[in-house]
Amino acid sequence: MTPYYLTAPIYYVNAKPHLGHAYTTIVADAMTRFARLSGRDAMFITGTDEHGDKIVQAAAKAGCTPRELADDVSAAFRALWPELDAEPTRFVRTSGPEHREVVRAFLQKVYDAGDIYFGEYGGNYCYGCERFYTEKELENGLCPQHQVKPEYISEKNYFFRMSAYQDRLKQHILDNPEFISPERYRNEALSMLEGGVLDDLCISRPKTRLKWGIELPFDANYVCYVWFDALLAYFTALGGPESADFRRFWPAAEHLVAKDILKPHAVFWPTMLTAAGLPLYRRLHVHGYWLSRSAKMSKSIGNVVPPLETARSLGLDAFRYFLLREMHFGSDADFSEEALTARYNADLANDLGNLFSRVLTMAARWCAGKVPAPGADTEAEKNLKISASDSLADYQRFFADTRFSDALEALWNLVRALNKYVDASAPGALAAAGDMERVNTVLYTLLECMRKIALHLWPVMPGKSALMLAQLGVPAGAGASACEPDGATAGAQAGPPVGAIIGEAENFSLLPVGAPLAPASNLFPRAETDKSATAKGKVDAGKGKAGSGKKNADRNNSAGTEKIDAGTGNM
RNA sequence: CGCGGGGUAGAGCAGUUUGGUAGCUCGUCGGGCUCAUAACCCGGAGGCCCCAGGUUCAAAUCCUGGCCCCGCAACCA
């Protein structure tokens, strides 16, 4: 099996997780699940980055030690992922002993190679902020935080000879168009390497100023700069550069990050690897920000979206679907409850949920609740299968290229085509006319396509995917080609078997005839909005159209949007 | 002239690489259907594709010059 190694960031523990962290981790989880469906031996890691000045400051503010803060926040991150159905294979903490040894060995290696030197750095230092400021950052020569004049101090430090690798890195990016993607971030990275602008990187902090870090192996008076430490967590997760896992997975390494940490990943990290004589990662995937009320989320504006509460409002799977569907990977996107609800109703309730509902009801009525044996295909089936093949192939191609929104849109082309197919083939009329062979053919075609949809959605909505498959009579832990009675994969890593989508876009006879079907389905109950509540209030009027905007006080005022218990979709 | 991204129907976006009747989702208006979650299906309305020049038989797309919005700008994770 081809290996696949995906890293989500190891998150900085200076603050609790927010929507952005949730998004990155869910994307990583979805990519990993997709890699498994595609037949790869996939590993996905994340963790927490716990050293540095900011942690010391945050701890002081919280009235605890850096260790206590790190333990606390790291645990919060770790506990969140299962709540989001994100299942990292491993979770690394940079304050752990294994990581310290990986970092020290790496530092020593680069030091021995002659790429770390002792030098002097001078600059405007603000004691209040405990950091240096550049001339441009100062406001009228004063620290923007404290409005005091910074002191010019110079300090002896260790520097990594990063500038020496600038040209080689630039050439690598030019020679490998997929090394950094999407393209806009590749351009950003290239612009960081233009015209000899790259400085050497200061990689030490004197202990007089900072003690919370990893001690340099060649000078006990200094600790390591956090980024030089943090990036190596990607090694620690594999057991260090001497391990068997490293040899197997590192050549397949892909990183997933948000745009704010582009530079460390696109510039620091590859130059570090080169200096240590190690191969570079394969790819770097960079995504944008979730905006809240069209602005970057920030505590001071007060528009931070809490991930877990939001995820629960319409159900975790709907939340994951929304994140992957709404944001075009790489660009920023706006988050709002309204958009989430709109997406939920339009895509999940109306299109997909209702498709399951109507088809399973028909199967219960006319096929005795079992998968019927199809007759010969007519033009309608042939055309539908051609378009289904296209949709599935597009989905797979886009998903593999991190174009999740395009992928889901392609899959929904199939969902909509199935709804149209129901209308066009009018199974009700066929049944009334006694043409049961046609009814069976139509329903088998629908059910088989629905199974493909459910299977392909597993990376995005693992819970609902399993439920959909169960409603279609596909045993848990079985996929496509599947339906073999081994059930080996069921258990800890429940879900379709590795490689389950291979061949799915071409073969339309994979659903076993005679399998028991759920008698009804209510996967995504419609979420009520103010408007639909109003419309509902005047159903009896006959027309069903909400023409007047009449207000229904009871319905509208209490909660606005009704919350749905999404834990169990019934079947 | 620091760097990058963006400005396309009421909203959100795609299309720009490889010029050729401007497309998708939501919303809106009208119709149909009943297997279904007031859903689904069909059809309509709605756009000087930021502005001004230029190249071309032809420009949302290529070129030049503006205007506006958003990020980033280097010991910040």
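How many disulfides does the count come to? Zero, as it turns out. Keep in mind that we're looking at a predicted model here, and let's see what lies behind that count.

A disulfide is a covalent bond between the sulfur atoms of two cysteines. For a pair to be counted, the two sulfur atoms have to be within 2.5 Å. Take Cys 224: the closest cysteine sulfur belongs to Cys 202, and it sits 10 Å away, so that's too far for a bond. Cys 367 tells a similar story, because its closest cysteine sulfur, in Cys 449, is 15 Å off, again too far. Both residues are tucked away from the surface, though. Cys 224 has 2% relative accessibility and so counts as buried, and Cys 367, at 10%, is buried as well.

Now step back and take in the whole chain. Chain A is built with 20 helices and 16 strands. Of its 571 residues, 53% are buried. Its accessible surface comes to about 24500 Å², and carbon and sulfur atoms own 51% of that. If you take the contacts in chain A with a separation of 6 or more, 77% of them link residues 24 or more positions apart.

What about the inside? In soluble globular proteins, nonpolar side chains tend to be buried together. Here, the largest nonpolar core has 113 residues, and the members touching the most others are Leu 84, Leu 352 and Leu 457. Helix α15, residues 404-425, supplies the largest share of this core, with twelve residues. Zoom in on Leu 457 and leave aside its neighbours within four places in sequence: its contacts include Leu 352, along with Leu 408, Leu 411 and Trp 412. Tyr 395, Pro 462, Ser 465 and Met 468 are in contact with Leu 457 too. Apart from this core there's another one, with 61 residues, including Met 43, Val 226, Phe 235 and our earlier acquaintance Cys 224.

That cysteine also leads us to a set of strands. Strand β11 covers residues 219-224, and its Cys 224 stands opposite Ser 204. The partner strand there is β9, residues 204-206, which runs antiparallel to β11 and is joined to it by three bridges. Strand β11 also pairs with β10, residues 215-216, again antiparallel, this time through two bridges. One of the residues to look for is Glu 215, whose bridge partner in β11 is Val 223. To get from β10 to β11, follow the hairpin, which joins them through two residues.

How values were computed
Residues are numbered from 1 along each chain as its sequence is written. Chains are lettered from A and ligands numbered from 1 in the order in which they are written. This is a predicted model: local features need pLDDT of at least 70, side-chain atom pairs count only at pLDDT 80 or more; totals for chains, interfaces and linings use all residues. Side-chain values use heavy atoms; hydrogens and water are left out. A nonpolar core is a set of buried Ala, Val, Leu, Ile, Met, Phe, Trp, Tyr and Cys residues joined through side-chain atoms within 4.5 Å. Buried means under 20% relative accessible area, exposed over 50%, partly exposed in between (1.4 Å probe, protein chains only). Helices (H or I, at least four residues) and strands (E, at least two) are DSSP runs, numbered from the N terminus. Contact means heavy atoms within 4.5 Å. Accessible areas come from the Shrake-Rupley method with a 1.4 Å probe; for residues, only the protein chains shown count as cover. Two strands pair if DSSP finds at least two bridges between them.
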